[in-house]
Amino acid sequence: MQTRDLVRVSLFAALIGALGLAPRFDLPIAAGVPVTAQTLGVMLAGVILGARLGATSVALFLFVVACGAPLLSGGRGGLGVFVGPTAGYLIGWIAGAWVVGAMMRVLPFKSEFTSALIASVFGGIFIIHLFGTPWLAWSTGLSVKNAAIASATLLPGDTLKAIATAFIAQTYLQTFSPAAGARA
Amino acid sequence: MIGVPLSKRTWLHKLPAGFKLLFIAGATVVFFWVEDPLVLLASLVLVLLVYFALGREAVLRLKLFRLMLPILAIVGAFQFLASGPAEALASVSRLALMVLLADLVSMTTPMIAMMDAFLPVLRPLRYTGLDPSQLALAFALVIRFVPVLLDDWLRRREAWRARGCSHGSWRLVAPWMAGLLRIADRIAESLDSRGLRPR
């Protein structure tokens with residue numbers, strides 16, 4: 001891995017951590033709904049860094065968390081979260097970031113907003129739930145149907161985050177990426 | 001749930017981190033196949049006794065466990081309705097047991113020792129192009145830059161508020177990210193100029 005990629009991956013992992021610690025920031029429409037911003041970071045990692053580096057960044061973040069840094073939202077961390085009922089979602093983040101990045105490359109839309117929105121909905125919501133729900137069912141002994149119902153309570157927040165990701169990605173890709181020297 | 005190590009060294013600190021990791025991995029596999037609620041409950045009591053044996057600070061950590069309580073309550077209620085009290089007790093005590101046991105390891109293992117213990121597991125990743133020897137640098141960068149980025153974010157938000165914008169701080173995420181990538185590239189340059197070999 002090039003030094004540049006290594007540092008970008010590391011700093012993006014730090015960004016995901018900072019998003020978990022930042023006092024809740026207000027998303028549009030989401031008046032009053034507490035939204036943890038961390039999956040926003042996961043979706044953005046895929047959009048900005050691409051599939052491989054984005055997934056690496058999320059994996060690095062989770063590794064630091066597993067080693068004991070309390071960087072998950074609410075100050076959680078350590079090995080406990082990886083054996084708890086929500087561990088599947090965390091593993092899903094890695095796959096989710098990869099899929100978001102891969103879809104950003106292949107989607108044929110001209111508008112960054114549309115591409116980022118579709119990629120985040122599929123990679124950042126569907127894929128993450130695809131990993132999270134079976135684990136939730138298995139670790140708690142719930143039926144898959146009940147686990148899916150419990151999982152579905154996350155969907156409104158997830159949708160907002162996908163929309164926010166699309167807005168942010170559009171602003172970033174149109175305004176800042178030349179200045180930041182990002183490769184398309 | 002909260003992984004910060006205890007400030008005081010205890011007898012559990014003396015065990016090698018790799019051993020503790022293997023123990024957790026083994027216990028996770030075993031306990032997921034145990035169905036008997038009494039065995040699970042007894043193990044849970046045993047783990048709680050270890051917390052008490054570690055002293056006051058460890059017991060105080062149990063308070064942080066309340067973050068898990070809503071999830072446990074929901075799981076318990078679902079299981080009680082779906083398959084009866086025995087199943088509910090088994091599921092709830094299994095979850096509590098696993099998380100408390102894993103936290104016990106995190107609490108008594110310094111972060112660096114934990115990273116070293118993970119390294120043998122991660123060695124095969126070399127074939128996917130990810131070099132474990134660079135992991136230490138990446139790890140340090142993450143730890144160092146979380147507070148820096150958080151501070152940068154709060155500063156940006158304060159400036160945003162000072163200009164009378166009370167809503168829509170999500171608009172600051174894009175410039176924040178751009179700033180982050182600029183910093184990243186400067187760090188990469190200085191690492192290169194100081195002789196870090198890219199592979």
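In chain B, 70% of the contacts with a separation of 6 or more join residues 24 or more positions apart. A contact here means two C-beta atoms, placed from the backbone, within 7 Å. For chain A, 69% of the contacts between residues at least 6 apart in sequence join residues at least 24 apart.

This is a predicted model, in which local features need pLDDT of at least 70, side-chain atom pairs count only at pLDDT 80 or more, and totals for chains, interfaces and linings use all residues. Residues are numbered from 1 along each chain as its sequence is written, while chains are lettered from A and ligands numbered from 1 in the order in which they are written.

**Confidence**

The predictor gives the complex an ipTM of 0.86 and a pTM of 0.85. Per residue, its confidence is the pLDDT, from 0 to 100. Chain A averages 84, with 88% of the residues scoring at least 70. Chain B has a mean of 83, and 93% of its residues reach 70 or more. Among the elements of chain A, helix H5 (residues 87-106) has the highest mean pLDDT, 94, and H8(A) the lowest, 83. Over residues 28-34 of chain A, pLDDT stays under 50. The model has eight contacts beyond four places in sequence for that stretch.

**Chain make-up**

Helices (H or I, at least four residues) and strands (E, at least two) are DSSP runs, numbered from the N terminus. A residue is buried if 20 or more other C-beta atoms lie within 10 Å of its own, exposed if 12 or fewer, and partly exposed in between; C-beta atoms are placed from the backbone.

| Chain | Helices and strands | Buried residues |
|---|---|---|
| Chain A | eight helices, zero strands | 62% of 184 residues |
| Chain B | nine helices, zero strands | 30% of 199 residues |

Chain B has a radius of gyration of 22 Å, whereas a compact globule of 199 residues would have one near 16 Å. That radius is taken over C-alpha atoms, and the globule rule is 2.2 Å times the number of residues to the power 0.38. Along the principal axes, the C-alpha atoms of chain B fill a box of roughly 60 × 45 × 35 Å. The domain assignment splits chain B into domain 1 (11-124) and domain 2 (131-193). Such bounds come from an automatic or database domain assignment. The C-alpha centres of domain 1 and domain 2 of chain B lie 34 Å apart.

**Interface**

In the complex, 60 residues of chain A are in contact with 65 residues of chain B. Several helices of chain A each supply at least two residues of the side that touches chain B, among them H2 (38-49), H3 (51-66) and H6 (112-140). H1(A) gives the most to this side, with 14 residues. By class, the side of chain A that touches chain B has 36 nonpolar, 20 polar and four charged residues. Here Ala, Val, Leu, Ile, Met, Phe, Trp, Tyr, Cys and Pro count as nonpolar, Asp, Glu, Lys and Arg as charged, and the others, Gly among them, as polar.

**Nonpolar core**

A nonpolar core is a set of buried Ala, Val, Leu, Ile, Met, Phe, Trp, Tyr and Cys residues joined through C-beta atoms within 7 Å. The largest one has 113 residues. Those with the most contacts inside this core include A:Val64, A:Val58, B:Val142 and B:Met177. Helix H6 (residues 85-107) of chain B gives the most to this core, with 14 residues. Domain 1 and domain 2 of chain B both give residues to this core, so it lies between them.

A:Val64 has partners in both chains. Leaving aside neighbours within four places in sequence, its contacts include A:Ala13, A:Leu71, B:Phe139, B:Val142 and B:Ile143.

**Two sites in chain A**

A:Ile16 lies in helix H1 of chain A. This residue counts as buried because it has 30 C-beta neighbours inside 10 Å. Beyond four places in sequence, A:Ile16 is in contact with A:Gln38, A:Gly41, A:Val42, A:Ala45, A:Val58 and A:Phe61. A:Ile16 and A:Leu71 are 55 residues apart in sequence and 8.5 Å apart in space, C-alpha to C-alpha.

A:Pro134 sits in helix H6 of chain A. With 16 other C-beta atoms within 10 Å, A:Pro134 is partly exposed. Outside four places in sequence, A:Pro134 is in contact with A:Gly88 and A:Val144. The C-alpha atoms of A:Pro134 and A:Gly88 are separated by 7.6 Å, at 46 residues apart along the chain.

Notes. pLDDT is the predictor's confidence in each residue, from 0 to 100.
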